[in-house]
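Reader: Before I trust any labels, could you walk me through how they were assigned?
Author: Sure, have a look at the model and then we can go term by term.

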Amino acid sequence: MLNHPTPTDGYETYTSRLQKETEELIKKHRPPHDTAQIELQKKLHFEFLLRNLRQGFPERYTSQDASQPWLIYWTLHGFSILGVGLDDQTKKRTIDTLLAMQHPEGGFAGGPGQTAHLLPTYAAVCSFAVVGRPGDGGGWDAIDRKKMYDFFMSLKRRDGSFLVSHHGEVDVRGIYCLLAVATLLNLLTPELLAGVPEFLATCQTYEGGFCNASFPGWAFEADDPETESGSPKTYDLSAPRPPLGEAHGGYTFCAAASWVLLQPYIKLYYSSAGGSLPPVPSINTRALLRWCVQMQGLPIELGGFKGRTNKLVDGCYSWWVGGCVVLAETLLGVTATHEAVPHEHHEESDEDGQKSWDDADDSLFNRKALQEYILCAGQHPAGGLRDKPPKPADAYHTLYCTAGLSAAQHRVIPSEAREKAVISAWHSSQAHAKAESRHPGTAYAPSSDADREMLDELRKGIFAHAMSWSEEDGTAVYVGGAANRVNATHPLFNLTVTHSDGMLSYFYGQTPPSRYANKPATK
Amino acid sequence: MSELLADDPEWADVVPIRQYENVNPIAPIFYSEEYKDATDYFRGVLKTGEMSPRVLQLTERIIRMNPAHYTAWQHRYKTVISLKIPLEEELELMNEIATTFLKTYQVWHHRRLLLTALTSIDAAARELEFLKTVLRADAKNYHTWSFRQWILAHFNDEERLWAGERAYIEDLLEQDVRNNSAWHHRFFVVFSSGIRLGDEDRDQMLRRELSFVKEKIALAPNNPSAWNYLRGALEHTNTPFSTLTTFVELYTTSQPPSRGRDEDVVDLDNPPPSAGAQLPAVAALEFLADIYEKEGGDASAKAVEIWKSLANEKDVIRKKYWEYRIRDALSKA
Ligand SMILES: [Zn+2]
């Protein structure tokens, strides 16, 4: 591909100068002509992760003292993506460490003795998915789900948003973390979800991506986070709820993943036909897709992703934006169809084996280029991955670069067949018993039989949808060859499907059919 | 305060609490002695619920070592309120911390809580000025912008707060026309947040915005921030893209129109690309294809031609996306 610099139209500004400097730096890491030589340094990255886990983190990570579950999650899931299992002793120590961060009033904190917060709650629960199991010492039964639900409800605001912690801010990342956890642990209720889709929709900006929060004050007559809690009430539909902040990769992933997680709820509790149910809320999915693909850098930037318009490429957006493309595709319904593409122009651009790629590849971003960015610019020579050269590696970028690499190698999409199989094996009473096990107490109770049926449908829909994501056969592509393969990761949770399946099955009380049952035996 | 609280008689009555009591933690952080000492005492203070002047000092000590310690911020806020510390004083005290740690969420959220409690337009106006100094150091700081927008909406005073924003944005875009945060801020002020004083005539407002963004496109035609603003303005006002065909076509040809020929005929609605423009601009081609797609019929073929040239030549990194646009348009035709 051509290596033109980003055009500056003979008009330099701070942004274009910074862009140019970055292109000069990244250019030096251009992949070799023979891409088969590009190697993922699995051993070095494994050692980087192992050092952090066993020996601990150097002092500069004091900035992460309030994010300790994240350090654990980034490391553990990093191992899972690299295909490394953990010994029982490490698992046990991890479970003990995580439980020391569970808050007595529910949820998990950034560290022992700190206050509970939605972000570390996600990181802790996902870490439990990797190392935990049911039963004594397994961690899963030690998660206080009833108190967690109460904690979630105590953060709820009338505009459908949630504070990230008491006295904390509203942030789309927190909403994603809450929804992912509530999905995994079977804590979703209409009470918890009321107003959430409407809130998310207000966070989409004119660019198509999402920002961190919207302003509720004009529609709800107050926006004081200290006093405005509770269920949504009627509000002024005509009043603006403007997005605060510009479209951004992290928030866009969180909003899009939340939107996908909410689909079963939206289907059941809203109506496009009028009547007593509220009208279906909407986002501009085409604009979302456009924004995501516009964030992919030029060939001179090796096709890495940016997090905002006119900002620089950065390895972590490989996941936040690269990983978001499949969510936009899913919402647009383009993952379900495989009709022929008018391919005639491929003949002419087929000098370097381009064709085999195109045939395997239904994805709407450039999977090959993204892999090249991560492999050539994202890997630190001493192990671990990074934002971009010449920056050092760190735990956060190591996970989100490897997760981005995974998203570029594997195409994991919702499978209708899998969803049907899961639904046909659904045991309503067990799901119900599991969900109810979090109260006797004050938590949500449906007020009528009809409400109870709806709730059962909701649980089934949420479970089956979350379980339905599967890798599409024959679509994996590996720059540098199959030796560079990493494991697939679930686009909604960023866990391997083995880990998310395990946790979901337990907390919904289900024994879903095997993912591999209907495939021909390979013996 | 002396170096360690453990050596300070003033803290002798507090029982410090170690972070991990009976656990050998996985993935531990190697804290400095000072940090360990301060957070041990902080856990002790949290347990008793103490809110006192020395606790204010302790939270500041922790925040300076780790500004992302949200629990320290939370307890500091509760203590400020409980001790009835003048909120203006606290804001003032936090100015230096804000400028030092401007990339930290908590820094800005704390100020938001203080301003909410202050309920003073004067304080809000001063805060907008303070944020200008912060944005001078980092013109794209996400949280600072988000906070600025919240102040404008929350206090919502046309003359004291909103009135200065457009001129401020124009200054910033004068300095860097590619500053997407400034473009977003303009959209927030002009379109997303109701009707500004003086903008009651919506047609006039839209004309002003279109001519503003077209001038900026002319200056640097390959600036996605300006094109996104243009698209956003049109979509927000339900204005068809096709109303800008003449303008856009100036940017889809390979050559800037030769200058000097019709110097006396200045078309203000359609400012031509600058002399240094690198044409055709990809964003202009995309825009023109959108016009053709919408027009439908025979024009669809022209849209497909443009998408093909983007896919195979002018924007190859997005080949898959442009091919999707072709597929999508053909399936609807
Ligand atoms: Zn990054």
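**Labels and their cut-offs**

Author: In chain B, helix H9 (residues 180-192) packs with helix H10 (residues 202-219) at an angle of about 170°, their axes 12 Å apart. This is a predicted model, where local features need pLDDT of at least 70 and side-chain atom pairs count only at pLDDT 80 or more, while totals for chains, interfaces and linings use all residues. Residues are numbered from 1 along each chain as its sequence is written, chains are lettered from A in the order in which they are written, and side-chain values use heavy atoms, without hydrogens and water.

Reader: What makes H9(B) and H10(B) roughly antiparallel?
Author: Angles run from 0 to 180 degrees between N-to-C directions, with axes fitted to C-alpha atoms over the stretch in contact. Under 35 degrees counts as roughly parallel, over 145 as roughly antiparallel, 65 to 115 as roughly perpendicular, and the rest as oblique. The pair sits at about 170°, therefore H9(B) and H10(B) are roughly antiparallel. The helices themselves are DSSP runs (H or I, at least four residues), numbered from the N terminus.

Reader: Which residues of H9(B) meet H10(B)?
Author: Contact means heavy atoms within 4.5 Å. Trp183(B), Arg186(B), Val190(B) and Phe191(B) are the ones in H9(B), and their partners in H10(B) include Met205(B), Glu209(B) and Phe212(B). The residues of this contact divide into 7 nonpolar, no polar and 5 charged; Ala, Val, Leu, Ile, Met, Phe, Trp, Tyr, Cys and Pro count as nonpolar, Asp, Glu, Lys and Arg as charged, and the others, Gly among them, as polar.

Reader: How much area is buried between chain A and chain B?
Author: About 8000 Å², with carbon and sulfur atoms giving 54%. That is the accessible area (1.4 Å probe) that two parts lose on being put together, summed over both. In contacts, 100 residues of chain A touch 90 of chain B.

Reader: What is unusual about the backbone, and what is the general rule?
Author: Most residues other than glycine have a negative phi, and most peptide bonds are trans. The bond from Pro389(A) to Pro390(A) is cis, with omega near 0°, and Pro390(A) is found in the loop between H17 (367-378) and H18 (395-409) of chain A. Leu279(B) to Pro280(B) is also a cis bond, with omega near -5°. His167(A), which is not glycine, has a positive phi near 65°.

Methods: Helix = DSSP H or I, 4+ residues; strand = E, 2+ residues; numbered from the N terminus.
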